[in-house]
Amino acid sequence: QVQLVESGGGLVQAGGSLRLSCAASGRTNSGYAMAWFRQAPGKERECVTALSWSGITTFYADSVKGRFTISRDSAKNTVYLQMTSLEPDDTALYYCAALSVTLYDGDYVAHDPSEYDYWGQGTQVTVSS
């Protein structure tokens, strides 16, 4: 079992920046691909970005390419989402998710939420115009 706790959300003006954190605890010595999803009211949950366990492979949604960056600090069991040039359309509840992988899947990333095994409770990001 892995527990994920997000933090860093808040209210920011358009053009501003935020950094979200996702702290993992529990069985963190296993391999996990990590991702950030978001869900706005009335919309489906979408994958914003994902990072393979190896750190080699990344995925970014077209809407955030060049503005968002995912990173991982393995020593702290924490994944980050650096968000810059925020837009009102980025307003959503942001979730951290973990996908258990084997050594042979170290470069694998997924952007389908049904593939992920563990989820945090979410942190709200609101971007005002």
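**Exercise 1. Locate Asn77 and state what sets its backbone apart.**

Solution. In this predicted model, Asn77 sits in the loop that joins strand 7 to strand 8. Next, take the backbone angle: phi of Asn77 is positive, about 50°, although the residue is not a glycine. Most residues other than glycine have a negative phi. Then take the accessibility: Asn77 has a relative accessible area of 31%. Partly exposed covers the range between 20% and 50%, so Asn77 is partly exposed.

**Exercise 2. Find a residue in the loop between strand 8 and strand 9 with a positive phi, and classify its accessibility.**

Solution. The loop between strand 8 and strand 9 contains Ser85. Its phi is near 45°, a positive value in a residue other than glycine. At 39% relative accessibility, Ser85 is partly exposed.

**Exercise 3. Asp90 lies in the loop between strand 8 and strand 9. Decide whether Asp90 is buried or exposed, and list its surroundings.**

Solution. Begin with accessibility. The relative value for Asp90 is 1%, and buried means under 20%, so Asp90 is buried. Now look for a polar partner: a polar atom of the Asp90 side chain lies 2.8 Å from the backbone nitrogen of Glu87. Last, leave out residues up to four places away in sequence; Asp90 then touches Arg38, Arg67, Phe68, Ser85, Val125 and Val127. Ser85, found in Exercise 2, is one of these.

**Exercise 4. Describe the setting of Thr78 in strand 8.**

Solution. Thr78 belongs to strand 8. With a relative accessible area of 10%, Thr78 is buried. Its side chain reaches the backbone oxygen of Lys76 at 2.9 Å. Setting aside neighbours within four places in sequence, the contacts of Thr78 are Ser21, Cys22, Ala23, Ser71, Arg72 and Asp73.

**Exercise 5. Describe the largest pocket by volume, lining and contributing strands.**

Solution. The volume of the largest pocket is about 220 Å³. Its lining has 16 residues, and those nearest the centre are Thr28, Ser30, Tyr32, Arg72 and Asn77. The elements giving two or more residues to this lining are strand 1 (2–7), strand 3 (18–26), strand 4 (31–39), strand 7 (68–73) and strand 8 (78–83). By type, the lining divides into nine nonpolar, five polar and two charged residues. Two names return here: Asn77, from Exercise 1, lies among the residues nearest the centre, and Arg72, also in that group, is a contact of Thr78.

**Exercise 6. Which residues of the largest nonpolar core touch the most other members, and which strand gives the most to this core?**

Solution. The core has 28 residues, of which Leu4, Met34, Trp36, Phe68, Met83 and Tyr94 touch the most other members. At least two core residues come from each of strands 1, 3, 4, 5 (46–51), 7, 8, 9 (92–101) and 11 (123–128). Strand 9 gives the most, with four residues. Follow Tyr94 outward: beyond four places in sequence, its contacts include Leu20, Trp36, Phe68, Leu81, Met83 and Val125. A second, separate core has twelve residues, among them Ala33, Tyr95, Ala110 and Tyr116.

**Exercise 7. Place Gln1 relative to the rest of the chain.**

Solution. Gln1 lies in the segment before strand 1. Its relative accessibility is 62%, so Gln1 is exposed. Gln1 and Asp117 are separated by 116 residues in sequence and by 9.2 Å from C-alpha to C-alpha. Not counting residues up to four places away in sequence, Gln1 touches Ser25, Gly26, Arg27 and Tyr118.

Definitions and conventions: Residues are numbered from 1 along each chain as its sequence is written. This is a predicted model: local features need pLDDT of at least 70, side-chain atom pairs count only at pLDDT 80 or more; totals for chains, interfaces and linings use all residues. Side-chain values use heavy atoms; hydrogens and water are left out. On a 1 Å grid over the protein atoms alone, a cavity is a set of points where a 1.4 Å probe fits but cannot get out, and a pocket is an open set with protein on both sides within 12 Å along at least five of seven lines; lining residues have an atom within 4 Å of a point. Grid points are joined across faces, edges and corners, and a volume is the space filled by probe spheres set on the points. Ala, Val, Leu, Ile, Met, Phe, Trp, Tyr, Cys and Pro count as nonpolar, Asp, Glu, Lys and Arg as charged, and the others, Gly among them, as polar. A nonpolar core is a set of buried Ala, Val, Leu, Ile, Met, Phe, Trp, Tyr and Cys residues joined through side-chain atoms within 4.5 Å. Buried means under 20% relative accessible area, exposed over 50%, partly exposed in between (1.4 Å probe, protein chains only). Contact means heavy atoms within 4.5 Å. A polar contact is a pair of N or O atoms within 3.5 Å; within protein, one must be able to donate a hydrogen and the other to accept it, and residues adjacent in sequence count only if both atoms are side-chain atoms.
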